[in-house]
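Trainee: I would like a close look at one part of this model, the place where protein and DNA meet. Please take the two strands in turn.

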There are 2 protein chains.
Amino acid sequence: MKAKAKVTINDIAKAAGVSTTTVSRYINGKEELMSEQTRNRIKTVIELLDYHPSDIARSLRNQKSNMIGVLIADVSSPFSSAIIIGIERVLVSNGYTPLFLNCSENKQREEQYIRSLIFKKVDGLIVNTTSADNKFLISLACQGFPIVLCDRFVRDYNFNIVTNKDNEMIRSFVMHLKEQGFTRLAFFVQPWSDNSTRYRRRDAFLASVHEIYGYLPENDIYVIDVNDKDCVIAQLKKFLSSLSQDDIPAIIGTNSVSTMCVYKAITKLGLSMPDDIGLCGPDDWDWNNGMNWPEIVHTNITTATIYAKELGERAAKLLLERIAAPDELPSEILLPNPLVIRDSTLRIRNK
Amino acid sequence: MKAKAKVTINDIAKAAGVSTTTVSRYINGKEELMSEQTRNRIKTVIELLDYHPSDIARSLRNQKSNMIGVLIADVSSPFSSAIIIGIERVLVSNGYTPLFLNCSENKQREEQYIRSLIFKKVDGLIVNTTSADNKFLISLACQGFPIVLCDRFVRDYNFNIVTNKDNEMIRSFVMHLKEQGFTRLAFFVQPWSDNSTRYRRRDAFLASVHEIYGYLPENDIYVIDVNDKDCVIAQLKKFLSSLSQDDIPAIIGTNSVSTMCVYKAITKLGLSMPDDIGLCGPDDWDWNNGMNWPEIVHTNITTATIYAKELGERAAKLLLERIAAPDELPSEILLPNPLVIRDSTLRIRNK
DNA sequence: TTGTACGCGTTATCAT
DNA sequence: ATGATAACGCGTACAA
């Protein structure tokens with residue numbers, strides 16, 4: 001069986017006995033510019049022939065693709081799924097087609113993908129970037145290309161960006177742990193690579209502990225390889241062995257994955273929370289209708305909410321605004337991250 | 001700052017002192033059809049001016065977009081992430097652009113998205129469908145439009161499809177449970193909606209138990225709402241109360257999510273595995289470098305491997321084959337699902 | 001209110 | 001070995 005012949009604007013024009021111009025006007029909402037008779041005739045014919053304008057021809061003519069490139073640092077994180085859903089919702093409902101591409105935390109691939117997207121004449125870019133050190137993105141932005149960063153930032157340039165209040169989030173962890181009587185805090189983080197979020201949260205950790213506890217925990221930052229259980233256990237032991245007799249220790253994870261790994265290590269060593277050790281971290285796994293991991297591992301872990309879907313939505317909206325008004329100053333939108341306090345840090349039952 | 005003026009094939013032609021035709025030939029790999037001198041001149045100019053052909057103009061001219069629509073039933077499942085990665089890898093490395101769209105298990109949205117993709121002139125479709133009962137997809141396939149199903153099937157039509165050997169997988173669960181001395185099996189599944197996988201696995205459950213145990217467990221199929229813990233617990237209690245004095249019960253979940261929920265309910269009731277009850281299910285959460293859920297919940301649960309990434313890769317490859325050779329008969333590719341036996345079903349230590 | 005004619009960037013056809 | 005030309009489907013300046 002063959003595909004049915006495509007019907008074009010000319011077919012409509014002929015069938016309706018008008019010019020293509022008029023049909024074009026009709027399609028583009030200039031219906032006021034023609035008689036009611038003409039309008040109705042065109043309407044009828046379009047429905048009859050089931051005509052749909054060719055996006056491709058339109059793109060060529062208008063030099064505008066109505067496509068937005070969306071670069072995701074790592075789709076395999078459930079966090080990314082939520083962002084994707086938010087972005088898609090906004091873009092699609094505004095007539096844009098999102099082109100999602102997965103960079104697998106690979107900066108080269110990110111750049112390569114972006115180049116190909118630009119050849120495809122995307123109207124703008126939403127970037128959950130792989131790298132905070134990103135001259136390529138900066139040069140694009142300097143050329144006036146519409147870009148909005150999502151979640152992760154890039155150094156040395158004032159981008160449009162939607163992200164979390166990381167500082168406040170980490171500070172509220174530290175404050176909470178202090179209130180609960182923990183005396184010694186550690187920060188467990190995956191290797192830095194160029195992940196801006198990790199840097200920022202680490203810095204917030206240092207600053208907050210300094211402010212709230214009065215010391216600088218430079219030696220209490222532990223880098224872990226989440227694919228190597230033994231490494232995590234070793235780091236945990238190292239932290240434990242550095243404690244004084246009467247220290248009450250707690251750990252903050254950089255993200256869900258590291259927090260999870262630490263949780264596994266804690267369990268492995270037979271420690272119990274919050275008595276032997278406290279644990280908390282951001283909840284960037286906002287997936288599957290609230291069936292989130294703190295509930296899955298029936299041990300309740302204290303988390304900070306991350307509004308991943310909203311992150312995506314706001315980024316998409318911001319990009320559309322910038323496409324409409326390119327000369328506005330860059331916006332920085334910061335979403336809050338309220339704490340969800342659970343057993344893993346709750347030493348004092350009634351507050 | 002303004003975007004730099006776009007350089008077209010005509011610019012190249014002028015600068016190189018040849019016709020656009022010749023440049024076009026050069027671009028399209030017909031380099032043998034011209035003198036070496038010409039070839040070099042064109043090459044130089046293209047590099048100098050950093051020329052890149054316009055995909056849009058090409059699409060218009062060739063009536064071929066080099067884009068593939070990819071419909072994902074529910075991106076928020078980590079299983080989907082793995083499929084997406086596989087599909088992207090194959091499509092991109094073959095010069096195609098995937099258009100990923102999330103249907104949120106909504107059949108209407110699936111249809112609506114597909115229509116818009118077709119107006120966009122995508123060259124083909126990979127569909128992880130929301131619905132086994134899908135006349136729309138069938139009608140498209142009948143018109144000769146290139147479609148490959150991924151993971152989930154559609155009734156009443158012989159599609160190109162890549163999926164799992166569900167029958168064998170469920171059968172191997174049942175066989176294993178029999179070997180381990182369990183005497184009574186139940187199947188816990190989310191509401192059917194139109195999810196073909198669930199139907200198929202349920203049927204396989206009925207057939208396998210009938211074959212291996214010699215009875216038909218029609219009353220041992222429990223539908224659970226994974227967002228309602230109490231429901232899962234209630235269903236679990238119902239199953240337990242239906243047991244005879246000396247029954248040794250085990251549960252098979254339809255997928256990761258339902259298995260997980262059952263696990264939580266089992267824990268909640270203070271039961272222990274495998275002594276009080278056995279538990280196993282497919283592992284369709286193949287994400288994050290093997291940090292899969294059976295390990296996260298440190299209780300080890302027996303699973304069947306699902307090669308999600310491969311599912312995506314094979315589907316993409318199959319689609320490209322069908323685009324190249326539309327008249328081939330539909331292929332059905334079935335991937336195996338080896339068991340990973342863990343503590344949750346291991347009553348007999350040495351086999 | 002409606003229509004003519006051209007161009008967006010490419011490529012296929014037919015010539016030379 | 002190379003080129004002129006038309007056409008892909010649409011939108012718009014200009015004309016009537």
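Mentor: Start with a single contact on DNA strand C: a polar atom in the side chain of B:Asn28 is 3.3 Å from one of the phosphate oxygens of DNA strand C. The model is predicted, and the distances below are computed from it. Two further contacts to phosphate oxygens of DNA strand C can be listed beside that of B:Asn28. B:Arg58 places a polar side-chain atom 2.8 Å from a phosphate oxygen of this strand, while A:Ser19 uses a backbone N or O atom, which lies 2.8 Å from a phosphate oxygen.

The elements behind this surface come from both chains. Those that give two or more residues to the surface near DNA strand C are α2 (20-27) and α4 (55-62) in chain A, and α1 (9-16), α2 (20-27) and α4 (55-62) in chain B. Of these, α4(B) provides the largest share, with four residues. In total 28 residues surround DNA strand C, and the closest are A:Thr21, A:Thr38, B:Ile9, B:Tyr51 and B:Arg61. By class, the residues of this surface are eight nonpolar, 15 polar and five charged. On the DNA side, 64% of the atoms of DNA strand C within 4 Å of the protein belong to sugar or phosphate, and the rest to bases.

Now DNA strand D. Around this strand there are 26 residues, of which A:Ile9, A:Tyr51, A:Arg61, B:Arg25 and B:Thr38 come nearest. Of the atoms of DNA strand D that come within 4 Å of the protein, sugar and phosphate account for 59%. A phosphate contact is made by A:Ser54, with a polar backbone atom 2.9 Å from a phosphate oxygen of DNA strand D. Bases are also reached: an N or O atom in the side chain of B:Thr21 is 2.7 Å from a base nitrogen of DNA strand D, and B:Arg61 has a polar side-chain atom 3.3 Å from a base nitrogen of DNA strand D. B:Arg61 was also listed among the residues closest to DNA strand C.

For the surface near DNA strand D, at least two residues each are supplied by α2 and α4 of chain A and by α2 and α4 of chain B. Here α4(A) gives the largest share, four residues, whereas for DNA strand C the largest share came from α4(B). The surface near DNA strand D divides into eight nonpolar, 13 polar and five charged residues.

Terms used. Residues are numbered from 1 along each chain as its sequence is written. Chains are lettered from A and ligands numbered from 1 in the order in which they are written. This is a predicted model: local features need pLDDT of at least 70, side-chain atom pairs count only at pLDDT 80 or more; totals for chains, interfaces and linings use all residues. Side-chain values use heavy atoms; hydrogens and water are left out. A residue is near a molecule or strand if one of its heavy atoms lies within 4 Å of it. A polar contact is a pair of N or O atoms within 3.5 Å; within protein, one must be able to donate a hydrogen and the other to accept it, and residues adjacent in sequence count only if both atoms are side-chain atoms. Ala, Val, Leu, Ile, Met, Phe, Trp, Tyr, Cys and Pro count as nonpolar, Asp, Glu, Lys and Arg as charged, and the others, Gly among them, as polar.
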